[in-house]
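Let's work through a few exercises together, each with its solution laid out step by step. Have the sequence and the model open beside you as you go.

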Number of protein chains: 2
Amino acid sequence: MASAKMGSMSRSEPLRSRNAEQKATDVLPPPEQHARQYAAVRSAHETELIEDYVELIGDLLEHSGEARATDVAARMGVSQATVARMVRRLNELGYVSNEPYRSLFLTEEGRRMAAWSRERHAIVLQFLRALGVDDATARIDAEGVEHHVSEKTLELMQRFANERDRGT
Amino acid sequence: MASAKMGSMSRSEPLRSRNAEQKATDVLPPPEQHARQYAAVRSAHETELIEDYVELIGDLLEHSGEARATDVAARMGVSQATVARMVRRLNELGYVSNEPYRSLFLTEEGRRMAAWSRERHAIVLQFLRALGVDDATARIDAEGVEHHVSEKTLELMQRFANERDRGT
DNA sequence: CGACAAACTTAGCGAGTGCTAAAAAATTTT
DNA sequence: AAAATTTTTTAGCACTCGCTAAGTTTGTCG
Ligand SMILES: [Mn+2]
Ligand SMILES: [Mn+2]
Ligand SMILES: [Mn+2]
Ligand SMILES: [Mn+2]
C-alpha cells in the first residue's frame, strides 16, 4: 500500500517511503481546520465539568442511594461552596432537581447524561487497561481523556478492549 | 499471563475470573483517590492552553520562519485581543520573548515546552490513526487528549503505533 | 428540649479566557 | 511622503470556577 491517494506525486517519490517518523507535523493543517480543532477542545471543556458532576451524582445515587453535597465536594476535591454554586447551575440547566438543604436528584435529562457519561468513561477506562496501563494511572487518564474522545474513536477503543479480552 | 503481579490474592479467586464486563464502576474509588483523579484533570487544564499556544508558536516559527500574533489568532480561532493578552502572560511566565508590535519568539524554556508538546501530540495522533481513526477525527481528538495522557500511557501508545506500522 | 455539630447557602474575592470597540504602531500602496 | 490598510495593544464587559468567611438550616445527642 504505502500511499493511499497519490496524485500529488507524479513520479519522484522521496524514497524514504512514508511513515518512518512522518513527523505528523511536517506540515500544518490549513488555518480554518486548525481553528476547528481548538474550537472542538474549547467546546468540550464547556461541558466537561458538568458531565463529571452529573456522572458523579448519578454514581452516588446508585451506590449509596443518596447524593449529598458534602459527598460530592469530598469526591470532587472542592469546597462545599463550589458545589453549591455548581448545583444551582445544574438545576438551572435542567440536569438536577433539588430542594434547598436537601440532597440531590437527577432529572430525566440528567439521568440520560449520567448514563452516557458513565458508559463512555467505562469504555475509555477498560481500553486503557487493555492497552496495558496500570489501574491507578488508567483511572486518572480516563477521567481527563473521556471528554475528548469522539464516538468514532470510542467505538474503536471498545472493539480493541473486547478483542484484547478474549483471544485475538 | 492473565495477571501480572499477584500477591493480593492468596487463594479464593472470585471465579467469574475477572473481566467479563467488570462494570468498571461497580464500586466507587475511595473519596480521596477519587478527588485526586479530578485534581489531576484540573491541573492538566491549567497548563493545557499554555501548551497549545507555545506549541503553535513553535510550529509557526519552524514552518513559516515567523510567528505573528495574527496567525496565532487565526489558527487558534480566537480574537487578536485574546492572543495579545495570552502572549503577555506567556511572556511573564518565561515562555515567550517579544518586543511590542513585533512578532513572537520562544525562550529556551518555551522551546523545550514546544518540543515536548509537539512530540506528545504527534504520538497521540499517530496512535489514533493506528487505532483506525480517520485523519480529521484523529486530529480533533488528539488536540484534546494529548493533555490528559500520562507518560506511561504515552509510552504504550507509541509502542502500539509502531507495532501496527510494521508487521505485528 | 436545648445545645452542638454538621451540612448547606450566600456574599464577595481572584484568576483565567472569551468578546467588542477604540486607539496606537507598523506596513503597504499610491 | 501621504494615505490607506493591517497589525497590535489596551480597556472594559461577561462568564466560569476555584477559594474563604459568615450566616441558616438541619440533624443528633445528652
Ligand atoms: Mn468522568
Ligand atoms: Mn480536558
Ligand atoms: Mn497540541
Ligand atoms: Mn492540545
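**Exercise 1. Decide whether Glu55(B) and His121(B) are buried or exposed, then find the metal that they bind.**

Step 1. Glu55(B) and His121(B) are both buried. Buried means under 20% relative accessible area, exposed over 50% and partly exposed in between, with a 1.4 Å probe and protein chains only.

Step 2. Before going on, note that this is a predicted model, where local features need pLDDT of at least 70, side-chain atom pairs count only at pLDDT 80 or more, and totals for chains, interfaces and linings use all residues. Residues are numbered from 1 along each chain as its sequence is written, chains are lettered from A and ligands numbered from 1 in the order in which they are written, and side-chain values use heavy atoms, with hydrogens and water left out.

Step 3. The manganese ion (ligand 3) is coordinated by Glu55(B) through OE, His121(B) through ND1 and Glu146(B) through OE, at 2.2 Å. Donors are N, O and S atoms within 2.8 Å of the metal (3.2 Å for Na, K and Ca); water is not among the atoms, so sites may look incomplete.

Step 4. Along the chain, the donors of the manganese ion (ligand 3) have the spacing E-x65-H-x24-E. Glu55(B) sits in helix α1 (residues 31-64) of chain B and His121(B) in helix α4 (residues 108-131) of chain B, so the pair ties together parts that are 66 residues apart in sequence. Helices here are DSSP runs (H or I, at least four residues), numbered from the N terminus.

Step 5. Glu146(B) also coordinates the manganese ion (ligand 4), which is 3.4 Å from the manganese ion (ligand 3).

**Exercise 2. Find the partner of Asp134(A) in a salt bridge, and look at two further pairs.**

Step 1. Start with the rule: a side-chain nitrogen of Lys or Arg must lie within 4 Å of a carboxyl oxygen of Asp or Glu. By this rule there are 21 salt bridges over all chains.

Step 2. The partner of Asp134(A) is Lys152(B), with the closest N and O atoms 3.5 Å apart. Asp134(A) lies in the loop between α4 and α5 of chain A and Lys152(B) in helix α6 (residues 151-165) of chain B, so the pair joins two chains.

Step 3. Within chain A, Arg111(A) and Glu108(A) form a salt bridge at 3.1 Å, N to O. They are three residues apart in helix α4 (residues 108-131) of chain A, separated by about one helical turn.

Step 4. Asp135(B) and Arg139(B) form a salt bridge at 3.2 Å, N to O. Asp135(B) is partly exposed at 32% relative accessible area, whereas Arg139(B) counts as buried at 14%.

**Exercise 3. Which helix gives the most residues to the surface near DNA strand D?**

Step 1. Count a residue as near if one of its heavy atoms lies within 4 Å of the strand. DNA strand D is surrounded by 20 residues, and Arg85(A) and Thr70(B) are among the closest.

Step 2. The answer is α3(A), with five residues.

Step 3. Now inspect individual atoms. A polar side-chain atom of Arg85(A) lies 2.7 Å from a base nitrogen of DNA strand D, while a backbone N or O atom of Ser79(A) lies 2.8 Å from a phosphate oxygen of the strand.

Notes
A polar contact is a pair of N or O atoms within 3.5 Å; within protein, one must be able to donate a hydrogen and the other to accept it, and residues adjacent in sequence count only if both atoms are side-chain atoms.
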